[in-house]
Amino acid sequence: MPTPSAASAPIRRLTLHDLPACADLSEDRGWPREEHKWGFLLTAGQGYGIDDPGGGLVAACTVTEYGPHGRPSLAGIGMVLVAERHARRGIGRRLMRHVVSLLGTTPLTLHATPYGRPLYEELGFKVTGRAEMMRGRFTPAASVPGVATRAATAEDLSTIVRLDEDVFGADRTHVLARLPAFADQLRVAEENGRITGYAAAWPNMDTHVVGPLIARDTETAKALFGSLAARTDRPLRTDVDARHEALLAWLKERGLAPVAPNAVMTYGITELPGDWNRRFAPLTVAAG
């Protein structure tokens, strides 16, 4: 019997049973295992993968859809990985073509590293923005922020969902409903009883990732970030829209340093929907 070829192996849907294999694939490419994030993406969205005839996964990616169920208005693609032993054989291209075809006319977005960007450009994705990954230990400011924040409650969730849809430009109820269990902290900014922003901090290996970060203005974003930082002893990481120069400068002053820039790319639309002025950081770049 001939040995099955990874290049021609079928593409299938991934489930939570594939979580260890997904984490192994991350580790194979020098990424952190990130099992907590993989679990979230495989339940809030869909995973697609190709099995290695020798065991494990040859390749994988995730898709998170937003908008009405069955009629998504936007989808985020992330965690696009090909095992090192199968790299540069067109397997990643094949997987991406499959996913793009499967999503039909749904507009797409992803965050691309310099390494992955040429493939996405070949498939028709265009660079429409930039995000800056920041990481480090946060040093509190000497002055107390003038924006009040507090821990979010269950009663806040419907307000958070409405605010988020206005800012993000698509309904993310199925994602946000999972946020209280996924994140270690979920906080809101409030003025005169009205919620003006919200942010979460979720565990990822040895860090806490701050995201989503949705806020009325930069001062509100600073207050939310600072309130999350005050309640953890881990280093912090976040991915800030590069247009928010004032927040990036403030984070650098507070001890975070740039790690890597990512290109924000879209397919089928010339720019992301919603209001970027209030959208400071995504939940994760893997979900758009």
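These legends describe close-up views of a predicted model.

**View 1. Strand 2 and its two partners.**
Strand 2 covers residues 46–51. Five of its six residues are buried, so strand 2 is largely enclosed by the rest of the structure. On one side of the pairing list is strand 1, residues 11–14. Strand 1 and strand 2 run antiparallel and are joined by four bridges. Look for I11, whose bridge partner in strand 2 is I50. Strand 2 also pairs with strand 3, residues 57–66. This pairing is antiparallel too, and it spans six bridges. Here Y48 stands opposite C61 of strand 3.

**View 2. The hairpin turn and D52.**
Strand 2 and strand 3 form a hairpin. Five residues sit between the two strands. In this turn, G55 has a positive phi of about 110°. D52 also belongs to the loop between strand 2 and strand 3. Is D52 buried or exposed? The cut-off for buried is under 20% relative accessible area. D52 has a relative accessibility of 11%, so it counts as buried. A polar atom of the D52 side chain lies 2.8 Å from the backbone nitrogen of G54. Farther along the sequence, beyond four places, D52 is in contact with L57, V58, R85 and H86.

**View 3. The largest cavity.**
How many cavities of 30 Å³ or more does the model hold? The count is one. The largest cavity contains about 40 Å³ of space. Its lining is made by F40, L41, T64, Y66, R172, V175, L283 and A287. Helix 2 (35–44) supplies at least two of these residues, and so does strand 3. Sorted by class, the lining has six nonpolar residues, one polar and one charged.

**View 4. The largest pocket.**
The largest pocket holds about 1000 Å³ of space. Its lining counts 38 residues. Nearest the centre of the pocket are W31, V80, L81, T113 and Y115. Several elements each give at least two residues to this lining, among them helix 3 (91–103), strand 5 (108–112) and helix 4 (117–122). Strand 6 (126–136) and strand 12 are also on that list. Which element gives the most? Strand 4 does, with six residues. By class, the lining of the largest pocket splits into 19 nonpolar, ten polar and nine charged residues.

**View 5. The second largest pocket.**
This pocket has a volume of about 390 Å³. It is lined by 26 residues, and D241, R243, V264, L272 and R279 are the closest to its centre. Two or more lining residues come from each of strand 5, strand 6, strand 11 (236–241) and strand 13 (279–281). Strand 6 provides the largest share, four residues. The lining of the second largest pocket has twelve nonpolar, seven polar and seven charged residues.

**View 6. G255 in its loop.**
G255 is in the loop between helix 9 (245–253) and strand 12 (257–267). Its relative accessibility is 37%, so G255 counts as partly exposed. Which residues does G255 touch, not counting those up to four places away in sequence? They are R135, G136 and R137. G70 makes a useful distance marker: G255 and G70 are 43 Å apart in space, C-alpha to C-alpha. In sequence, 185 residues separate G255 and G70.

**View 7. Backbone details at P212, R88 and N192.**
Start with P212, in strand 10 (residues 207–215). The peptide bond from G211 to P212 is cis, and its omega is near 0°.

Next comes R88, in the loop between strand 4 and helix 3. The phi of R88 is near 60°, a positive value in a residue other than glycine. The cut-off for exposed is over 50% relative accessible area. R88 reaches 65% relative accessibility, so it counts as exposed.

Last is N192, in the loop between strand 8 (185–191) and strand 9 (194–204). Its phi is near 55°, again a positive value in a residue other than glycine. At 79% relative accessibility, N192 counts as exposed.

Notes:
Residues are numbered from 1 along each chain as its sequence is written. This is a predicted model: local features need pLDDT of at least 70, side-chain atom pairs count only at pLDDT 80 or more; totals for chains, interfaces and linings use all residues. Side-chain values use heavy atoms; hydrogens and water are left out. Buried means under 20% relative accessible area, exposed over 50%, partly exposed in between (1.4 Å probe, protein chains only). Two strands pair if DSSP finds at least two bridges between them. On a 1 Å grid over the protein atoms alone, a cavity is a set of points where a 1.4 Å probe fits but cannot get out, and a pocket is an open set with protein on both sides within 12 Å along at least five of seven lines; lining residues have an atom within 4 Å of a point. Grid points are joined across faces, edges and corners, and a volume is the space filled by probe spheres set on the points. Ala, Val, Leu, Ile, Met, Phe, Trp, Tyr, Cys and Pro count as nonpolar, Asp, Glu, Lys and Arg as charged, and the others, Gly among them, as polar. A polar contact is a pair of N or O atoms within 3.5 Å; within protein, one must be able to donate a hydrogen and the other to accept it, and residues adjacent in sequence count only if both atoms are side-chain atoms. Contact means heavy atoms within 4.5 Å.
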